Amino acid sequence: MSGLFAFSRHDITAALGEFLGTAYFLFMGVGGAASMSAKAPDIAALAVPFAFGWSLFVNVWIWAPVSGGILNPAITIALIVTKNLSIIRGALYIIAELGGATLGSFLIDVLLPDAANSPAYVGSTTLSSTVSAAQGLFLEVFATSVLTSAVFFLAVEKSGGFVAPFGIGMALFISAIATGPYTGASLNPARTFGPSVISGNYGDSYWIYYIGPILGALLAAAYWSLFQKLDYKKCSGNDETTTKEANRTDAKHDLESNEAN
């Protein structure tokens with residue numbers, strides 16, 4: 001295509017990866033969490049975060065070579081704002097992620113009837129009665145900022161190497177442990193959107209699951225941008241230029257020592 005809204009075959013291919021990745025993430029994450037809640041409620045407090053965290057870990061690892069394995073519209077928006085992703089590809093990703101989440105939730109409804117009828121699935125991201133909408137919003141903001149920070153500092157910066165997907169999955173795991181009992185730990189508009197559409201249960205204060213993750217992702221983007229300006233890599237000695245300079249200094253010192261001897 002040509003013009004303002006032009007996109008290439010590669011954009012479509014990458015968006016397809018996001019569609020499939022998000023579908024699998026929802027199916028294994030939400031489906032696994034709901035199944036464990038229905039079949040093994042005694043261990044659900046740990047099993048539910050485990051299902052989400054490991055589902056994200058596996059699917060980011062699988063789909064990263066295709067699309068980057070973002071699987072989250074809030075993080076997609078943060079990547080667009082920081083110019084790590086083009087607006088056109090980002091828009092395609094968001095559509096694909098929401099569509100994939102709906103497909104994954106539909107498959108849960110069709111293939112896992114026990115899970116589909118469990119409290120963890122129907123209205124799965126509803127607020128606890130002990131939490132106000134404001135509290136729920138800020139929980140979603142802060143938890144999503146942790147998850148998105150993992151994406152920026154481990155994946156975008158490539159400092160996590162091949163274990164970056166594991167770090168991202170574990171960020172979701174610990175965030176789900178901390179916030180799950182209060183908000184359901186969405187941290188992802190697609191994760192809320194899919195089950196809500198299929199179940200028809202949107203719950204109270206559903207808007208926090210869209211606004212909260214987006215604000216949280218933007219907060220993490222602000223952290224990353226700030227530390228970029230502060231040239232943070234030099235603080236820990238991870239900056240490539242600093243490392244080269246240190247190596248040159250060491251080599252010069254060794255040469256002078258050899259000449260002295």
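Author: UniProt annotations may be inferred rather than shown by experiment. With that in mind, we may read this predicted model.

Reader: Which residues does the UniProt annotation "transmembrane region" cover?

Author: According to the unreviewed UniProt entry, the annotation covers residues 12–31, 69–85, 92–112, 132–155, 162–187 and 207–226. Two of these spans may be examined in the model. Residues 132–155 are 96% helix and 0% strand, with end C-alpha atoms 34 Å apart. Residues 207–226 are 95% helix and 0% strand, and their end C-alpha atoms lie 28 Å apart.

Reader: How should one describe the way helix 3 and helix 4 are placed, and at what angle do their axes cross?

Author: Two packed helices are described by the angle between their axes and by the distance between those axes. Here the axes of helix 3 and helix 4 (residues 87–111) come within 9 Å and cross at roughly 175°. Angles over 145 degrees count as roughly antiparallel, and therefore helix 3 and helix 4 are roughly antiparallel to each other. On the side of helix 3, the contact is made by P73, T76, I77 and I80; helix 4 contributes I87, G90, A91, Y93, I94, E97 and L98. These contact residues comprise eight nonpolar, two polar and one charged.

Reader: What is the volume of the largest pocket, and which element gives the most to its lining?

Author: The largest pocket has a volume of about 610 Å³. Of its 34 lining residues, G68, G69, I70, V151 and A155 are the closest to the centre. Helix 2 (44–67), helix 3 (73–81), helix 6 (133–156) and helix 7 (164–183) each give two or more residues to the lining. Helix 2 gives the most, with six residues. By residue type, the lining of the largest pocket divides into 24 nonpolar, eight polar and two charged.

Terms used
Residues are numbered from 1 along each chain as its sequence is written. This is a predicted model: local features need pLDDT of at least 70, side-chain atom pairs count only at pLDDT 80 or more; totals for chains, interfaces and linings use all residues. Side-chain values use heavy atoms; hydrogens and water are left out. On a 1 Å grid over the protein atoms alone, a cavity is a set of points where a 1.4 Å probe fits but cannot get out, and a pocket is an open set with protein on both sides within 12 Å along at least five of seven lines; lining residues have an atom within 4 Å of a point. Grid points are joined across faces, edges and corners, and a volume is the space filled by probe spheres set on the points. Helices (H or I, at least four residues) and strands (E, at least two) are DSSP runs, numbered from the N terminus. Ala, Val, Leu, Ile, Met, Phe, Trp, Tyr, Cys and Pro count as nonpolar, Asp, Glu, Lys and Arg as charged, and the others, Gly among them, as polar. Axes are lines fitted to C-alpha atoms, for helices over the stretch in contact, and angles run from 0 to 180 degrees between N-to-C directions. Angles under 35 degrees count as roughly parallel, over 145 as roughly antiparallel, 65 to 115 as roughly perpendicular and the rest as oblique. Contact means heavy atoms within 4.5 Å.
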